[in-house]
Amino acid sequence: MVGENNLKFLKDLLDFNNLIRDYDDINSLYEDINRFVTDKLNINEAIIFSYPKKREHVLGRHIEQQFRHVWNKKNIEKFYKVEDIHKLLEKVINKNNTHEEIVIDNQQLFSRPLGEDGHQIYFIIFSLPLKSIEKRKYIDQLMQAACKEFIIFKKIEGLGKENQLIHIDDVTGLYNQRKLQIDLDNSITKYNKYNEEFCILFIDVDHFKRVNDGHGHLVGTFLLSEIAQILRNTLRDEDLIYRYGGDEFVVIIPNSAANIGKSVGERILKSIKERDFEIKKGNILKLSVSIGVASFPKDAKTREDVLSMADQMMYHAKESGRGKVCLSNEALKKEED
């Protein structure tokens, strides 16, 4: 029992505190937290979620769309009932507090804060029998250490981003095509290691040549930077945005299936179509975009193929009328019909 070996637990906790120097990505931290609670405390696996700091971005949506399932998504139904998780998530979002709990069938389901970055608040969900007072005490001690590790990692991660100017597009401030290739490789590596699927959005501004021809390239450059800002405001901090070239943009949405990609694409399209772009005082332009969505590994098995599939779906959106979001399986189904 944990209570009979408090000194060993404290030693294990000290060892956990010393692991940060060996982490090469945040998933390693999540794995160590999970390994700790399963091996040392002998309880169900932990699950990690996040939600936006700006709650107005998610309020009114279905509970599953208000949160991002950050880590251990594949095991949620193995260790928990989805409806129980939803009850706890509703309590977290309604109170805007990641330190919440509910009791279900002699089990206590509770959340603990992990930390935050630019736009997201992260927290962990655990499950314990009601009478496991000692184990709960140890979890709270573990979380104190985990929060420190999370903050350190995010600071190190931030310093790394400052050194990535070689990967930044001068016009938009977004990542460039060189960084896209690196991140696609990293995303595929994550899938192979953690089974985290991801999806790609390929975005092209409709009739942009007319804008350049009719208003000049300075206006075109201004509009590209404005669209880049809309993308930043619409997407989450962990989503990766790139200027692919000309008036084309690419987005990598981590740990998400194609249907999530389509939903994100529709939000982007709506935000751009509703925007009044003032190019001169009183001179307003309206724009739209065509978006193609593809997922890895469902739609493609290589870096080149998943990007090519998203590109093809973007052209399919243009050919079917522009100002649309086209998903690969939906496009293929229409062709079969």
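Set aside the neighbours within four places in sequence, and arginine 232 is in contact with Thr172, Gly173, Leu174 and Ile241. Keep in mind that this is a predicted model. Arginine 232 sits in helix α9, so here's a quick tour of that residue, its helix and the core the helix feeds into.

**Arginine 232**
- With a relative accessible area of 30%, arginine 232 counts as partly exposed, because buried means under 20% and exposed over 50%.
- Its C-alpha lies 8.9 Å from that of leucine 174, though 58 residues separate the two in sequence.
- Closer to home, the side chains of arginine 232 and glutamine 229 are joined by a polar contact of 3.0 Å.

**Helix α9**
- α9 covers residues 217–234, 18 residues in all, and runs 25 Å from first C-alpha to last, close to the 26 Å expected at 1.5 Å a residue.
- Plenty of α9 is tucked away: Val219, Gly220, Leu223, Leu224, Glu226, Ile227, Ala228, Ile230, Leu231 and Thr234 are buried.
- An α-helix has 3.6 residues a turn, so residues three or four places apart point the same way.

**The cores**
- The largest nonpolar core has 33 residues, and Leu201, Ile203, Leu223, Ile268 and Ile291 have the most contacts inside it.
- Elements giving two or more residues to this core include β6 (198–205), α10 (258–274) and β11 (289–296), but α9 gives the most, with 7 residues.
- Beyond four places in sequence, isoleucine 291 has contacts that include Leu201, Ile203, Ile268, Met313 and Val325.
- There's also a second, separate core of 25 residues, with Ile26, Leu41, Tyr122 and Leu128 among them.

Notes. Residues are numbered from 1 along each chain as its sequence is written. This is a predicted model: local features need pLDDT of at least 70, side-chain atom pairs count only at pLDDT 80 or more; totals for chains, interfaces and linings use all residues. Side-chain values use heavy atoms; hydrogens and water are left out. Helices (H or I, at least four residues) and strands (E, at least two) are DSSP runs, numbered from the N terminus. The expected span of a helix is 1.5 Å times one less than its number of residues. Buried means under 20% relative accessible area, exposed over 50%, partly exposed in between (1.4 Å probe, protein chains only). Contact means heavy atoms within 4.5 Å. A polar contact is a pair of N or O atoms within 3.5 Å; within protein, one must be able to donate a hydrogen and the other to accept it, and residues adjacent in sequence count only if both atoms are side-chain atoms. A nonpolar core is a set of buried Ala, Val, Leu, Ile, Met, Phe, Trp, Tyr and Cys residues joined through side-chain atoms within 4.5 Å.
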